[in-house]
Each structure stands twice: as structure tokens, then as C-alpha cells.
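Me: Could you walk me through one part of this model, its enclosed space, and then what lies beyond it? I would like the cut-offs as you go.

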Amino acid sequence: MAESVPRHIAIIMDGNGRWAARRGKPASAGHRAGAERIRDVLRACRDRGVKALTLFAFSSENWQRPPREVELLMGMFYSYLGREAERMREEGVRLRVIGRRDRFSPRLVKAIERAEALTAGGSEGDLVIAADYGGHWDIANAARQLAEQVEKGELAAADVTEERLGMGIQLADLPPVDLLIRSSGEQRISNFLLWQTAYSEFFFTDVLWPDFGEREIDAAIAAFSTRDRRYGGRGNQCDLGAASGA
Ligand code: IPE
Ligand code: IPE
Ligand code: MG
């Protein structure tokens with residue numbers, strides 16, 4: 001049976017650069033306008049009963065951007081945490097940041113830890129920000145943890161199962177990603193959640209991230225509610241008829 005509201009939505013927030021270019025502005029203007037959309041999108045999701053929202057803010061590959069752009073994005077992430085963490089705490093939103101931290105400045109790492117600690121008690125919903133995140137890193141990270149257990153003799157190689165590996169993948173404790181949205185017309189995963197999207201529904205919109213809002217969330221949820229999620233099974237809309245005698 002079709003589910004009406006996804007428990008967990010993940011979004012690839014794309015199109016800031018093109019939004020700015022169309023206005024004859026530098027990419028920084030697009031990133032600033034894009035960051036302004038997050039609060040409304042989080043609220044729209046919560047109002048509609050979505051329990052978890054995961055946002056792709058900076059990929060492992062985004063370090064290839066011009067240094068000034070990277071610096072701007074890091075600075076914006078730092079001020080976002082300072083500005084929004086208290087509001088999240090008041091609203092009962094628990095914040096989590098996933099991805100590598102060893103390439104961030106110590107100041108940014110502290111800000112992430114502070115914001116996570118401040119909101120740790122939140123029980124109204126989860127907001128996950130993926131920063132210096134890559135799906136390949138995530139899987140390799142989980143594999144490394146199991147390898148360490150094998151190395152110590154705590155686990156046999158034969159015990160490296162899908163279930164065990166899956167437990168070490170980020171977000172294993174949250175509801176599965178039911179719906180993945182990408183803005184800006186691109187239709188690719190760009191190394192976002194790979195393991196976690198094995199059975200997610202996908203929704204692509206041409207709207208650029210700085211123009212993305214409640215309307216697009218509604219359109220995505222409406223599309224989701226019409227999807228028949230079969231998970232490889234037969235589903236229940238196909239009548240096989242009587243035994244064919246084959
Ligand atoms: C997404 O917008 C933000 C990040 C990747 C950090 P882009 O900057 O990729 O925007 P486009 O794809 O160039 O339009
Ligand atoms: C994906 O967007 C990463 C984020 C939105 C943070 P990109 O703009 O980096 O992806 P590609 O380069 O178009 O695949
Ligand atoms: Mg892009």
C-alpha cells in the first residue's frame with residue numbers, strides 16, 4: 001500500500017551557482033540565498049509529519065571548488081550553527097552532522113560539537129547535515145570499523161554481513177530514507193547516501209535550491225504518495241491468475 005508521508009527525506013540542495021549566475025551575481029550570493037531556505041524547508045517537513053530530514057551541504061568532492069568558495073561555505077556553515085542551534089533546541093530538533101571532520105578547522109569542529117550537544121535532548125525530529133560527506137567514505141568507514149574488530153580477533157571475517165556493515169553506516173538509527181529529492185534539474189546521486197538509498201523513492205525538480213520551498217516539498221510528498229514500493233516483491237496490484245500449469 002502507498003504510504004502518504006515519508007518518515008525521512010534527504011535533499012541534495014543543488015543549483016545555488018546557477019541561480020546566482022542567472023542574476024549576474026557571484027556564486028556566494030547563491031549560497032547565501034540557498035542557506036536562507038533551510039529553515040522554511042525544515043519547518044515544512046515537520047508540519048507535514050516528516051520525522052527526519054537529511055541535507056547535503058558539502059560533498060567530499062566539493063573541496064575541488066575554488067578556495068575562496070570553499071572558505072565561504074565553511075564560514076557559512078560555522079555561522080549557521082551558531083545562529084540556528086538555539087532555535088533548534090527550542091523547537092526540539094536534534095541536530096547531527098555526518099561526514100569527515102578531520103579536514104575542518106578546529107573552530108568549526110568545536111561549533112559542530114557544541115550544536116550537537118546543545119540539541120542532543122531534542123525529541124521532536126532529526127535534522128542531519130552532511131558536510132564533507134561522501135557515500136563512498138561512509139561505506140569504507142563502516143568497513144574499517146568491522147576490519148578493526150576482525151583484527152582484534154573480536155569478529156570472524158565470515159561475520160561481516162550486510163546487517164553488521166549496515167549498523168556502521170551513518171543514519172542506521174533513523175528511519176530509512178523514504179524520499180530523496182534533488183533540486184536544479186540534475187538527476188544523479190553525486191556520492192550522497194549510497195547505501196541508505198537502496199530503496200528510496202527519487203524526486204527531481206528543475207527548481208534551483210534558492211527558490212526551493214514549501215511548494216516543492218508538497219509536490220515531492222504528493223509524488224511519493226503515489227509510488228508503489230515493492231522492494232523487489234510482487235506488490236499487490238498484479239493478478240497472477242490461476243496456476244498456469246507451467
Ligand atoms: C549546491 O549548489 C551547493 C553546493 C554544492 C555546496 P552549486 O554551487 O553546486 O550550484 P550549481 O550546481 O553550480 O548551480
Ligand atoms: C552535490 O552537488 C553536492 C551538494 C549539493 C552539497 P554538486 O553540485 O557538487 O554535484 P555535481 O558536481 O553536479 O555532481
Ligand atoms: Mg551543483
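How much space lies in the largest cavity?

Reply: Happy to. This is a predicted model, in which local features need pLDDT of at least 70 and side-chain atom pairs count only at 80 or more, while totals for chains, interfaces and linings use all residues. Residues are numbered from 1 along each chain, chains are lettered from A and ligands numbered from 1 as written, and side-chain values use heavy atoms without hydrogens or water.

The largest cavity holds about 100 Å³ of space. A cavity is a set of points on a 1 Å grid over the protein atoms alone where a 1.4 Å probe fits but cannot get out, and a lining residue has an atom within 4 Å of a point. Volume is the space filled by probe spheres on points joined across faces, edges and corners. Across the whole structure, three cavities reach 30 Å³ or more.

What lines the largest one? Its wall consists of Ile38, Arg39, Leu42, Arg43, Arg46, Tyr80, Glu84, Arg87, Met88, Glu91 and Val93. Helix H3 (38-47) and H4 each give at least two of these residues; helices (H or I, at least four residues) and strands (E, at least two) are DSSP runs numbered from the N terminus. By class, five lining residues are nonpolar, none is polar and six are charged. Here Ala, Val, Leu, Ile, Met, Phe, Trp, Tyr, Cys and Pro are nonpolar, Asp, Glu, Lys and Arg charged, and the others, including Gly, polar.

Helix H4 (67-91) turns up again in the lining of the largest pocket, where its six residues are the largest share. A pocket is an open set with protein on both sides within 12 Å along at least five of seven lines. This largest pocket has a volume of about 710 Å³, and among its 33 lining residues Met13, Phe56, Ala57, Phe58 and Asn62 are closest to the centre. Helix H1 (16-22), helix H2 (27-35), strand E2 (52-59) and strand E4 (125-133) also each supply at least two lining residues. The lining has 18 nonpolar, eight polar and seven charged residues.

Now to the ligands. Around ligand 1, with a heavy atom within 4 Å, are Met13, Asp14, Gly15, Asn16, Gly17, Arg18, His31, Ala57, Asn62, Arg65 and Leu73. An N or O pair within 3.5 Å is a polar contact. Oxygen atoms of ligand 1 make such pairs with a polar backbone atom of Gly15 at 3.4 Å, with a backbone N or O atom of Gly17 at 2.9 Å, and with a polar side-chain atom of Arg18 at 2.7 Å.

Ligand 2 is surrounded by Ile12, Met13, Asp14, Phe56, Ala57, Phe58, Asn62, Arg65, Arg182, Arg188 and Ser190. Three arginine side chains reach its oxygen atoms: a polar atom of Arg65 at 3.2 Å, an N or O atom of Arg182 at 3.3 Å, and a polar atom of Arg188 at 2.8 Å.

Finally, the second largest pocket contains about 320 Å³ of space. Of its 17 lining residues, those closest to the centre are Leu171, Pro176, Val177, Trp195 and Gln196. Eleven of the lining residues are nonpolar, four are polar and two are charged.

Terms used. A polar contact is a pair of N or O atoms within 3.5 Å; within protein, one must be able to donate a hydrogen and the other to accept it, and residues adjacent in sequence count only if both atoms are side-chain atoms.
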